[in-house]
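User: Please take a close look at the domain interface for me, along with whatever lies on either side of it. I am a first-year student, and I would like each term explained on the way.

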Amino acid sequence: MTVKEIMVIGAGQMGAGIALVFARSGYEVKLYDADIEALRRGKQYIEKVFEKDIAKGKMEADTKEKALNRLQLVVDLEADPITADFIIEAVVEKLEVKKEVFRKLDELAPTHTIFATNTSSLPITEIAAVTGRAEQFIGMHFMNPVPVMKLVEIIRGLETSESTCQTVQELTEALGKQDVEVKDFPGFVSNRILMPMINEAVYTVFEGIASIEDVDQVMKLGMNHPMGPLQLADFIGLDTCLSIMEILHEGFGDSKYRPCPLLRQYVQAGRLGKKAGRGFYTYSD
Ligand code: NAI
C-alpha cells in the first residue's frame, strides 16, 4: 500500500519525534494531542531539532521550511474528516486510554487506514481487538529520541496481515531506520530486557547500596553504557517506566518484575524525569 499521509496521536516526547521523522522524510503529517499545550510544545520541539540540525550543517533552511509546511496540528479530532493512510498512536502507556483512542479512530478513519501503536509493552492483539480492523493493526515501537535512534521494533498482533507488516517495514526503511520483528509478549524484547535493569538500578539506590550518581557511573564506566540506567529512566519518563514494570509484573505473574517502591514514590511525587524537570536528577532546560 502507498502511504502518503500520516496521522500521529499524542504529541509528547515520542509523538512529536515520530511526527518529525515522517515530515522530514517527505510525508504529509497531522499531529493531534488532547492537550493543546502538549501540541504547542511538540511543535516547538520539532522546530528546535530542525534548528540544531541546520546549525550542525545536517539540514538546509529550505528543507526545514518544507518539512514544517508538511506538518499540520490538529486541535479537534472530529472537526474535519480524517484522510490519513496510516495512523500511529503515542499517548500515555495505559491500556484503557489506548483502547478508547482506537475505538474512536475506528469510527472516524477511512476503512483503508492502517493503525499502529507505539506502545512500549502493552498487548497489540488486545488493543487491536477493540477495532474492526485487527488485520490492519500493528505495533510500531520507536526508540527515544526518535530522530536519532535507528531501531523500530515491529510487533504483529495475532490477526495482523502480511501486507500490513510489509507496509510498516517499508515505512521504517523510508525513515532511514531498521526494523526487528518480535512476538506480541509483555515488554516485547527491548523493554523486557531494559526495564528490569532500570528497576534493579532503582532498587540498589532504594536499598542504600550506592548513590544515584554512583549507580550510573558503574554502568557507564564499567559496562560502557553511554548513559547510566537512572539517567536513562529520567529520559524515558518515570511514569512510563512504572507502567511498563506493572505490565511486565502482571503479564508474567512473576515477582522478579515487582516495581521498586522508590520508583512508585517518585511518580507519586510528580518527579517524572526530564519532561517534568525533576526525576533522579534535576533539569533546568
Ligand atoms: P508523554 O507523556 O511525553 O506524552 C503522552 C502524550 O499523550 C501527552 O502529550 C498527552 O497529552 C497525550 N494524551 C494522553 N491521552 C490522550 C488522548 N486520549 N488523546 C490524545 N492524546 C493524549 O509520553 P511519551 O514518552 O511520549 O510516551 C508515549 C507512548 O510511547 C507510550 O505508550 C510509551 O510507552 C511509548 N514509548 C515511550 C518511550 C520513551 O522513552 N518515553 C520509548 C518508546 C515508546
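Analyst: Let's start with the record: UniProt positions are given in the numbering used here, feature names are shortened, and annotations may be inferred rather than shown by experiment. In an unreviewed entry, UniProt places "domain: 3-hydroxyacyl-CoA dehydrogenase NAD binding" at residues 6–184 and "domain: 3-hydroxyacyl-CoA dehydrogenase C-terminal" at residues 187–283. The model is predicted: local features need pLDDT of at least 70 and side-chain atom pairs pLDDT 80 or more, while totals for chains, interfaces and linings use all residues. Residues are numbered from 1 along each chain as its sequence is written, and side-chain values use heavy atoms, leaving out hydrogens and water.

Helices (H or I, at least four residues) and strands (E, at least two) are DSSP runs, numbered from the N terminus. Residues 6–184 are 41% helix and 21% strand, whereas residues 187–283 are 62% helix and 0% strand.

A domain assignment, automatic or from a database, divides the protein into domain 1 (5–182) and domain 2 (191–276). Their C-alpha centres are 26 Å apart. Where they touch, 8 residues of domain 1 meet 9 residues of domain 2, with contact meaning heavy atoms within 4.5 Å.

Now for the interface itself. Buried area is the accessible area (1.4 Å probe) that two parts lose on being put together, summed over both. Here it is about 660 Å², and carbon and sulfur atoms give 50% of it. On the domain 1 side, Gln13, Glu93 and Ser121 lose the most area to domain 2, together 53% of what that side buries.

What holds for charges? A salt bridge is a side-chain nitrogen of Lys or Arg within 4 Å of a carboxyl oxygen of Asp or Glu. The rule finds 0 of these across the interface, although the structure holds 18 salt bridges. One of them joins Lys99 and Glu126 (2.9 Å, N to O); Lys99 sits in helix α4 (residues 95–108) and Glu126 in helix α5 (residues 124–128), 27 residues apart.

Polar contacts do cross the interface: 5 residue pairs make them, both residues at pLDDT 80 or more. Such a contact is a pair of N or O atoms within 3.5 Å; within protein, one must be able to donate a hydrogen and the other to accept it, and residues adjacent in sequence count only if both atoms are side-chain atoms.

Finally, look at the backbone between the domains. Most residues other than glycine have a negative phi. Phe188 is not a glycine, yet its phi is positive, about 50 degrees. Phe188 lies in the loop between β8 (178–182) and α7 (190–206).
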